Amino acid sequence: MLRQVCCSGFQPFRQRLLPWLQSTALSRSHRVQSSAIRHVRSWSNIPFITVPLSRTHGKSFAHRSELKHAKRIVVKLGSAVVTRGDECGLALGRLASIVEQVSVLQNQGREMMLVTSGAVAFGKQRLRHEILLSQSVRQALHSGQNQLKEMAIPVLEARACAAAGQSGLMALYEAMFTQYSICAAQILVTNLDFHDEQKRRNLNGTLHELLRMNIVPIVNTNDAVVPPAEPNSDLQGVISVKDNDSLAARLAVEMKTDLLIVLSDVEGLFDSPPGSDDAKLIDIFYPGDQQSVTFGTKSRVGMGGMEAKVKAALWALQGGTSVVIANGTHPKVSGHVITDIVEGKKVGTFFSEVKPAGPTVEQQGEMARSGGRMLATLEPEQRAEIIHHLADLLTDQREEILLANKKDLEEAEGRLAAPLLKRLSLSTSKLNSLAIGLRQIAASSQDSVGRVLRRTRIAKNLELEQVTVPIGVLLVIFESRPDCLPQVAALAIASGNGLLLKGGKEATHSNRILHLLAQEALSIHGVKEAIQLVNTREEVEDLCRLDKMIDLIIPRGSSQLVRDIQKAAKGIPVMGHSEGICHMYVDSEASVDKVTRLVRDSKCEYPAACNALETLLIHRDLLRTPLFDQIIDMLRVEQVKIHAGPKFASYLTFSPSEVKSLRTEYGDLELCIEVVDSVQEAIDHIHKYGSSHTDVIVTENEKTAEFFLQHVDSACVFWNASTRFSDGYRFGLGAEVGISTSRIHARGPVGLEGLLTTKWLLRGQDHVVSDFSEHGSLKYLHENLPVPQRNTN
């Protein structure tokens, strides 16, 4: 069943809820807390949503990516999520945000149910207020309205608090859901309602009828009368409802729910108590993994702790319901945590019954880290030997590689555009070129790692060195470019970096065999695990969040891919360029013989490349000259579609279609032509509309050329040369991991040097800083020492 709704009509929540809070007489505490609603996140920009929701309940989902198909969902709100930090009253802003997310999912056609805590905290706030008010009145009467003495508030019994708070909590939920035209209904249960067969059938029927009428059931234990839990009752195949965790699990299984989301005050399940030094968040938890987890204490409020949540989650999982435990209190994520989970994003801990055949991406990251460190300790000759062996394998295993690539091309036929198919294709000549490039990398890697850049004598017997070291673990994400894999692998080997590779699914067969060959080459020196190919269903956005495992992300693909990764990366630097808008300026003193060759090569040799020409700037004096006619004729022969810039269009009676934007990377046989009056105007145009990638001047005037070379602020600036030379292999770097337009660390084609950083080594003999003080016995020398000569053989 497909249901489509428009969510863009939602008004900002607080604008509608605040008047209600100010006018209603529900409780004085509502008005006290109404200012918290200002923090509610607006979902007014959500577009039309189409969600396939038909699913037969039986087995739980095996992967996070399948959660978007969940139709019936239970959201359990823990006490720490619903209540304020002082445990008296509700966290209204947080609660309103959760209601908003539940409403969005409900309006998509899903069936949402809430299991909520908070009645005790809400009641405690109301009772405290009433007690303070009555005490202040009595004291005022007793003392004749003199100064009030300090008033002590008695310990409030939880059942009484629950009784006082339940009605107000439900009224608040009802008011919030009303803002989205959603009706909510309250259901209070106890353990007996599940053990008594008649009551159980009644409860089940009531819930199904509410869901049928598009009503959100809000379920809570009736804490005003709930009896103590029966000991060990859940050891008999039935979970005892002793807290809201067990209630949510029981409800999820009874109602054949697809997904149970348990929100708490921690990010998910950790292998040891959160906050301890070695605690690691568990991304996916499997039945039987309990022995690997050390549980800590329960949260500041609530009946259960993480152990209770895990027990309830495993019980629900066994009953066919998928479970995610996540943080519902973090201010940066609580506004979208529920929708993120349903979208399949890596949030919290996902409980699954299906263990993957291979390692998780976190385990692959750890293997790449340890393998990279071992790789960095090898002798330069050993790293070079690995790269030479990989180059040999590319030619020796040519038939197997091309056969795998043929499978990819057949599967991609009709699904990929022609430029992407060309990138996907491998050939004998491509493999031979790759092998040559790899051998160049091997030759240049002899003194890459551990090379001394600077030596300084700080003082007598105290010497400082700055040496090159690997960056750490690289994540390279590439689309439709299987030839990228051996190039990047060789550069990682030469620089001693661990490597995580994430290729596009369109190149699955090619990437698999190329990765196997890379690992075969690494095996000759026992560092096979240094390079890992991510084959799991991990989304790119999730990979970009692994900031504790990845030191640098390098995207290789479309400008949209690069922009998406730059946006998604959380605390990890990204090396790359989002666009390749390359310009060529044809000066008034350009050579007729050179121009057409340079334009043809730059635009037509490989139009899908990021270093292909996209905008041709022509000096005004060249219009209506034989040189201009030759350029246009050549472009027509090559079937290049021309887009006219505004100034160029103004010179023509009948012009080509005017360009929609001067900042366009076509990636195809299309070209923008614009007219400029001078070299300075060409430079200004490049700075305004270019992407700082590669820009060229064609002229015979050396002074004009040098002016252009010095003033254009791009990563690569050429004189009388094709833009296509902007490439690591053509620069003699052997290969490149990409072309960077950033201004920090590396710029232009990034080869081996760009994958290294430095560290400082200080060698002394019992030196302490106090010896260099004003009255100390030693003085700083700061003498520059000779640096060992670099091996250029």
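In the predicted model, the largest nonpolar core comprises 51 residues, of which Leu375, Ile386, Ile387, Ile401, Leu499, Leu501 and Val737 touch the most other members. Helix 17, spanning residues 484–495, supplies the largest share of this core, with nine residues. A second core, of 42 residues, lies apart from the largest one and includes Met112, Leu114, Leu169 and Phe350. The surroundings of Ile401 were examined individually. When residues up to four places away in sequence are not counted, Ile401 touches Leu393, Leu394 and Leu426, together with Leu431, Ile513, Leu514 and Leu517.

An open sheet of eight strands, in the order 5-6-4-3-7-9-10-8, shows mixed pairing. Its edges are formed by strand 5 (183–189) and strand 8 (284–285), each of which pairs on one side only. Strand 8 is joined to strand 10 (residues 349–351) by two bridges in the parallel sense, and Ile284 has Phe350 of strand 10 as its bridge partner. Phe350 is also among the residues of the 42-residue core.

Two helices lie across strands of this region. Helix 4 (residues 92–106) crosses strand 3 (72–77), strand 4 (111–116), strand 6 (215–221) and strand 7, and runs at about 155° to strand 4. Helix 10 (residues 306–318) lies across strand 3, strand 7, strand 8, strand 9 (322–327) and strand 10, with an angle of about 155° to strand 9. Strand 3 and strand 7 thus appear among the strands crossed by helix 4 and among those crossed by helix 10.

Within strand 7 (residues 259–264) is found Ser264, a buried residue with a relative accessible area of 6%. The side chain of Ser264 is joined to that of Asp265 by a polar contact of 3.2 Å. Leaving aside neighbours within four places in sequence, Ser264 is in contact with Val81, Lys309, Ala326, Asn327, Gly328 and Thr329. Of these partners, Lys309 falls in helix 10 (residues 306–318), while Ala326 and Asn327 belong to strand 9 (322–327).

A further open sheet contains six strands in the order 19-20-18-17-21-22, with parallel pairing. Strand 19 (641–644) and strand 22 (716–719) are the edge strands, each pairing on one side only. From one strand to the next, the twist averages 20°. Strand 17 (residues 582–586) and strand 21 (residues 694–698) run parallel and are joined by four bridges; Val586 stands opposite Val698 of strand 21. Helix 24 (residues 679–689) packs on the sheet, where it touches strand 17, strand 18 (613–619), strand 20 (670–676) and strand 21. The direction of helix 24 makes about 170° with that of strand 17.

Cysteine residues were considered last. Cys582 lies in strand 17 (residues 582–586) and is buried, with a relative accessible area of 0%. Cys604 likewise counts as buried, at 17% relative accessibility, because the limit for burial is under 20%. The structure holds zero disulfides. For Cys582, the closest cysteine sulfur is that of Cys610, at 6.9 Å, which is too far for a bond, since a disulfide requires two cysteine sulfur atoms within 2.5 Å.

Key:
Residues are numbered from 1 along each chain as its sequence is written. This is a predicted model: local features need pLDDT of at least 70, side-chain atom pairs count only at pLDDT 80 or more; totals for chains, interfaces and linings use all residues. Side-chain values use heavy atoms; hydrogens and water are left out. Buried means under 20% relative accessible area, exposed over 50%, partly exposed in between (1.4 Å probe, protein chains only). A nonpolar core is a set of buried Ala, Val, Leu, Ile, Met, Phe, Trp, Tyr and Cys residues joined through side-chain atoms within 4.5 Å. Contact means heavy atoms within 4.5 Å. Two strands pair if DSSP finds at least two bridges between them. Axes are lines fitted to C-alpha atoms, for helices over the stretch in contact, and angles run from 0 to 180 degrees between N-to-C directions. A polar contact is a pair of N or O atoms within 3.5 Å; within protein, one must be able to donate a hydrogen and the other to accept it, and residues adjacent in sequence count only if both atoms are side-chain atoms.
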